[in-house]
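Let's take a walk through this structure together, one piece at a time. Have the sequence and the 3D view at hand as you read.

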Amino acid sequence: MNTNHTAQAAPAQDEKVELKSLYLETLQLVERLHRRLLDVIKDEFDRAGRTDINAVQALLLFNIGDSVLTAGELRSRGFYLGSNVSYNLKKLVDLGFIDHQKSRLDRRAVRVSLTETGMEVAQVVADLYDRHIGSIDKVGGLDEQEFTKMNKALQRLDRFWNDQILYRL
């Protein structure tokens with residue numbers, strides 16, 4: 001009987017269980033952080049008495065910024081599902097936050113940009129982020145070094161998931 005092989009298998013199994021636990025915790029945190037970000041943005045607009053726009057739409061406007069983009073470009077850059085982008089873009093056009101025009105090269109593609117009102121909303125989100133940057137180290141205990149390390153880890157996770165899709169791993 002080879003007891004040495006059994007002794008080596010146990011630590012490897014323990015490491016796998018620990019990695020699974022950490023991976024699942026990370027997934028939960030990523031989901032929760034996105035929902036919490038939307039809550040923070042919603043709270044900012046609630047405090048200002050703005051009920052004409054929701055947090056997802058405000059974040060969409062912030063991410064468009066001064067660019068001219070298609071819905072597909074927005075999906076690839078942001079946190080949006082296809083129907084979510086299309087629905088919110090239509091709503092934002094109807095509310096006067098976004099201008100849209102058909103692409104000259106591809107008549108099926110619609111290019112969007114912010115109106116002056118849309119830029120005002122994007123600026124509210126930008127100002128909120130600036131306030132956070134002013135206190136996140138002192139109050140949240142997160143400095144440049146920690147953000148650099150966290151961003152590198154999240155970029156590697158993003159690349160891993162991308163490879164899972166591209167190479168069907």
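What you have in front of you is a predicted model. A good place to begin is threonine 115, which sits in the loop that links β3 and α5. Is this loop residue buried or exposed? Threonine 115 has a relative accessibility of 13%, and because the cut-off for buried is under 20%, threonine 115 counts as buried. Its surroundings are easy to trace: leaving out residues up to four places away in sequence, threonine 115 touches Gly96, Phe97, Ile98 and Asp99. With glycine 96 there is a polar detail to look at, since a polar atom of the threonine 115 side chain lies 2.6 Å from the backbone oxygen of glycine 96.

Ile98, one of those neighbours of threonine 115, leads us on to the largest nonpolar core. This core has 25 residues, and the members that touch the most others are Ile41, Ile53, Leu61, Ile64, Leu74, Leu89 and Ile98. Which elements each supply at least two of the core residues? They are the helices α1 (3–47), α2 (55–64), α3 (71–77), α4 (82–94) and α5 (116–135), together with strand β3 (110–114). Helix α2 gives the largest share, with six residues.

To see how the core is put together, zoom in on isoleucine 41. Setting aside neighbours within four places in sequence, isoleucine 41 is in contact with Ala55, Ala58, Leu59, Val125, Leu128 and Tyr129.

Next, turn to asparagine 88, a residue of helix α4. Asparagine 88 has a relative accessibility of 3%, so it counts as buried. Beyond residues up to four places away in sequence, asparagine 88 touches Asn54, Val56, Gln57 and Leu60.

For a contrast, look at isoleucine 133 in helix α5. Isoleucine 133 has a relative accessible area of 62%, and because exposed means over 50%, isoleucine 133 is exposed. If you would like a sense of scale, pick serine 76 as a partner: the C-alpha atoms of isoleucine 133 and serine 76 are 26 Å apart, while the two residues are 57 apart in sequence.

Our last stop is helix α6, which covers residues 144–166. How does the span of this helix agree with what its 23 residues should give? At 1.5 Å a residue the expected span is 33 Å, and the end C-alpha atoms of α6 are 32 Å apart, so the two agree. Just after α6 comes a backbone feature to check in your own viewer: arginine 168 takes a positive phi of about 50°.

Key: Residues are numbered from 1 along each chain as its sequence is written. This is a predicted model: local features need pLDDT of at least 70, side-chain atom pairs count only at pLDDT 80 or more; totals for chains, interfaces and linings use all residues. Side-chain values use heavy atoms; hydrogens and water are left out. A nonpolar core is a set of buried Ala, Val, Leu, Ile, Met, Phe, Trp, Tyr and Cys residues joined through side-chain atoms within 4.5 Å. Buried means under 20% relative accessible area, exposed over 50%, partly exposed in between (1.4 Å probe, protein chains only). Helices (H or I, at least four residues) and strands (E, at least two) are DSSP runs, numbered from the N terminus. Contact means heavy atoms within 4.5 Å. A polar contact is a pair of N or O atoms within 3.5 Å; within protein, one must be able to donate a hydrogen and the other to accept it, and residues adjacent in sequence count only if both atoms are side-chain atoms. The expected span of a helix is 1.5 Å times one less than its number of residues.
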